[in-house]
Amino acid sequence: MPVPVVSENRGDERGALLAYLDAQRGGIRRALHGLTDEQARSRPTVSAFSLAGILKHVAVGERGALATMRGEPFDFEASVKGWEDSLAIRDDETVEELLDLYERVARETEEAVRALPSLDDTFEAPKMPWDEGGPRSWRWGLLHQIEETARHAGHADIIRETIDGKGAFDLVFATGALPEPDWSSFR
């Protein structure tokens, strides 16, 4: 269940996009709530993903996307290696460290977006096997990041439910992201 996103101030498109991105990040963070590192590392489905792996993957992916949007040099082979490495949790990595990394990446993204003169500013998307690349607006980049994060938040929901049966509603209320409503008043 997504949490309600507070409406942006009139004309604050950046604020709206960043709020939706943060709401999706919250779904990933909440999926880890109350789990041990062992549970977070487990792969209870046929997928290669664990919850810790999703967390690391979205942090690495968002940081890589931000580097591209900032115009930093892009190396396809290094990018593929980084993507593959992002799915594996090293023995010396903890969920707490990965949560801290994700928080830092979120701040970097927000600072970069807020510093832009305009969301119409462009960057050069690299050519990929599935996309020709070319100029893209920062608006497009943010929307793409929201899409990627939302996909992985959905994966995290399924994996968490497989671990202990807790769904997104349970976690929203357990973490205090929203107070549990009086359901009887809706009948």
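Start by selecting Glu 13, which counts as partly exposed because its relative accessibility is 34% (buried means under 20% relative accessible area, exposed over 50%, and partly exposed in between, with a 1.4 Å probe and protein chains only). You are looking at a predicted model, in which local features need pLDDT of at least 70, side-chain atom pairs count only at pLDDT 80 or more, and totals for chains, interfaces and linings use all residues. Residues are numbered from 1 along each chain as its sequence is written, and side-chain values use heavy atoms, with hydrogens and water left out.

**Stop one: Arg 139 and its partners**

Keep Glu 13 on screen and add Arg 139. The two form a salt bridge, with their closest N and O atoms 2.6 Å apart (a salt bridge is a side-chain nitrogen of Lys or Arg within 4 Å of a carboxyl oxygen of Asp or Glu). This pair ties together distant parts of the chain, 126 residues apart: Glu 13 is in helix α1 (residues 13-31) and Arg 139 in helix α6 (residues 138-164). Helices here are DSSP runs (H or I, at least four residues), as are strands (E, at least two), numbered from the N terminus. Arg 139 is partly exposed, because its relative accessibility is 23%.

Now add Asp 120. Arg 139 forms a salt bridge with Asp 120 too, the closest N and O atoms being 2.7 Å apart. Here the link runs from helix α6 to the loop between α5 (95-115) and β1 (122-125), and the residues are 19 apart.

**Stop two: further salt bridges**

Select Arg 90 and Asp 92, a salt-bridged pair whose closest N and O atoms are 3.0 Å apart. Color them by accessibility: Asp 92 is exposed at 52%, while Arg 90 is partly exposed at 47%.

Then pick Asp 22, Arg 25, Arg 29 and Glu 62 together, and you will have a network of salt bridges in view. The count of salt bridges comes to 15.

**Stop three: a buried histidine**

Is His 57 buried or exposed? It is buried, because its relative accessibility is 8%. Find His 57 in helix α3 (residues 51-69) and show its surroundings. Leaving aside residues up to four places away in sequence, His 57 touches Phe 49, Trp 83, Ser 86, Leu 87 and His 152 (contact means heavy atoms within 4.5 Å). For a distance label, try His 57 and Leu 87: their C-alpha atoms are separated by 5.7 Å, though the two are 30 residues apart along the chain.

**Stop four: a nonpolar surface patch**

Switch on the surface and select Phe 169, Trp 183 and Phe 186. They form a nonpolar patch with about 360 Å² of accessible area together. Such patches join nonpolar side chains (Val, Leu, Ile, Met, Phe, Trp, Tyr) within 5 Å, or like charges within 9 Å, using residues with over 30% relative accessible area and no salt bridge. Areas come from the Shrake-Rupley method with a 1.4 Å probe, and for residues only the protein chains shown count as cover. Phe 169 belongs to helix α7 (residues 168-174) and is partly exposed, at 43%.

**Last stop: the whole protein**

Zoom out and show the cartoon. The protein has seven helices and two strands, in the order α-α-α-α-α-β-β-α-α along the sequence. Its C-alpha trace spans about 50 × 45 × 25 Å along the principal axes. Of the 187 residues, 39% count as buried. Among contacts between residues at least 6 apart in sequence, 71% join residues at least 24 apart.
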